[in-house]
Amino acid sequence: AENMFVFSKKQQSALLSSIAKGEDKVADKAAEKEAVQASKYVRMYMGDMKPAKMTAEDAAATLLRLGQSANEDLQDEIYMQILKQLSQNPSEESVAKGFDLLLLAMATFAPSEEVERFVIVFLGSNHPEDVPATRYVSALHEVQYGKGASAPSAGELDSKLTSLKESEGSRYS
């Protein structure tokens, strides 16, 4: 199961969030289908899968909207899929896009407390040099304790990222 949490260009066959939480539940077909689609959006945005019928930015915006309106299980799955694609990914460009996507996700919707711990530990030793781990946590705190933000559109991604990266932090951090 350990290899399930490492970068892959292929589709994951199991729900990572259930495995990470130590749950032994079998996902229903609808949840599994949503998880597969979320994984595709993550890989499309990061450049690990060729986007079909949409741009990489459209894939990210769609993923963020999906996460914002999803139940906690799918939100957790999205976070775990992003972390998986970041783990041991050989492409610097893909990793950079993955950290951008993680920052956008953290500014848009929160994971469960259990998955949040995975994310924080991961960021402790795996964050881009130009963006302190505290920026990610601040973005998450705004969602958890503030009113949150709506998911950015494809055209708003760059300005949202710039704003998040230059932020002085959250009033909640």
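# Reading a helical model: a tutorial dialogue

Buried residues account for 47% of the 173 residues in the protein, and the model discussed here is a predicted one.

Q: What does the secondary structure of the protein come to, and in what order do the elements run from the N terminus?

A: A fold is read by listing its elements along the chain. The protein has 8 helices and 0 strands, and from the N terminus on the elements run α-α-α-α-α-α-α-α. Among contacts between residues at least 6 apart in sequence, 75% join residues at least 24 apart. As for its surface, the protein exposes about 9,100 Å², of which carbon and sulfur atoms supply 49%.

Q: How should I read a single helix, and which residues of helix H3 are buried?

A: An α-helix has 3.6 residues a turn, so residues three or four places apart point the same way. Helix H3, residues 56-69, has 14 residues and reaches 20 Å from its first C-alpha to its last, close to the 20 Å expected at 1.5 Å a residue. Its buried residues are Ala56, Ala59, Ala60, Ala61, Thr62, Leu63, Leu64 and Gly67, and these pack against helix H2 (29-46), H4, H5 and helix H8 (157-166). To take one of them, Thr62 counts as buried at 18% relative accessibility, the cut-off being under 20%. Leaving aside neighbours within four places in sequence, Thr62 is in contact with Tyr41 and Met54.

Q: Which elements do the buried residues of H7 pack against?

A: The same reading can be applied to this helix. H7 has 13 residues and reaches 18 Å from its first C-alpha to its last, close to the 18 Å expected at 1.5 Å a residue. In H7, the residues that are buried are Ala133, Arg135, Tyr136, Ser138, Ala139, Leu140, His141 and Val143, and the buried residues of H7 pack against H4, H5, H6 and H8.

Q: Which residues of the largest nonpolar core touch the most other members?

A: In soluble globular proteins, nonpolar side chains tend to be buried together. Here the largest nonpolar core has 43 residues, of which Tyr79, Ile82, Leu102, Met106, Val119, Leu123 and Tyr136 touch the most other members. The elements giving two or more residues to this core are H2, H3, H4, H5, H6, H7 and H8. Leu102 offers a view of the surroundings: leaving aside its neighbours within four places in sequence, Leu102 is in contact with Tyr79, Ile82, Leu83, Leu86, Val119, Leu123 and Tyr136.

Q: How many aromatic pairs are there, and what is the arrangement of Tyr79 and Phe109?

A: Rings are compared by the distance between their centres and by the angle between their planes, and planes over 60 degrees apart count as edge-to-face. The count comes to 3 aromatic pairs. In one of them, Tyr79 and Phe109 are edge-to-face, at 5.4 Å centre to centre and with 70° between the planes. Tyr79 lies in helix H4 (residues 72-86), whereas Phe109 lies in the loop between helix H5 (92-106) and helix H6 (113-125), so the pair ties together parts that are 30 residues apart in sequence. Both Tyr79 and Phe109 are buried.

Phe99 and Tyr136 also form an edge-to-face pair, at 6.3 Å centre to centre and with 70° between the planes. This pair links distant parts of the chain, with Phe99 in helix H5 and Tyr136 in helix H7 (residues 133-145), 37 residues apart. Phe99 is buried with a relative accessible area of 7%, and Tyr136 is buried with a relative accessible area of 1%. Together, Phe99, Phe122 and Tyr136 form one aromatic cluster.

Q: Which residue lies over the face of Tyr45?

A: A ring can also be examined for a charged group above its face. Lys97 lies over the face of Tyr45, at 4.2 Å from the ring centre.

Q: What separation do the C-alpha atoms of Met46 and Gly98 have?

A: Sequence separation and distance in space are read side by side. The C-alpha atoms of Met46 and Gly98 are separated by 5.6 Å, although these residues are 52 residues apart along the chain. Met46 has its place in helix H2 and counts as buried at 2% relative accessibility. Not counting residues up to four places away in sequence, Met46 touches Gln85, Leu86, Asn89, Ser94, Lys97 and Gly98.

Q: Where is Gln88, and is Gln88 buried or exposed?

A: A backbone angle can be read together with its surroundings. Gln88 has its place in the loop between H4 and H5, and Gln88 is exposed, with a relative accessible area of 66%. The phi of Gln88 is near 60°, a positive value in a residue other than glycine.

Notes
Residues are numbered from 1 along each chain as its sequence is written. This is a predicted model: local features need pLDDT of at least 70, side-chain atom pairs count only at pLDDT 80 or more; totals for chains, interfaces and linings use all residues. Side-chain values use heavy atoms; hydrogens and water are left out. Rings of Phe, Tyr and Trp (its six-membered ring) pair if their centres lie within 6.5 Å; planes under 30 degrees apart count as stacked, over 60 as edge-to-face and the rest as tilted. Helices (H or I, at least four residues) and strands (E, at least two) are DSSP runs, numbered from the N terminus. Buried means under 20% relative accessible area, exposed over 50%, partly exposed in between (1.4 Å probe, protein chains only). A charge sits over a ring if NZ of Lys or CZ of Arg is within 6 Å of the ring centre and within 35 degrees of the ring normal. The expected span of a helix is 1.5 Å times one less than its number of residues. Contact means heavy atoms within 4.5 Å. A nonpolar core is a set of buried Ala, Val, Leu, Ile, Met, Phe, Trp, Tyr and Cys residues joined through side-chain atoms within 4.5 Å. Accessible areas come from the Shrake-Rupley method with a 1.4 Å probe; for residues, only the protein chains shown count as cover.
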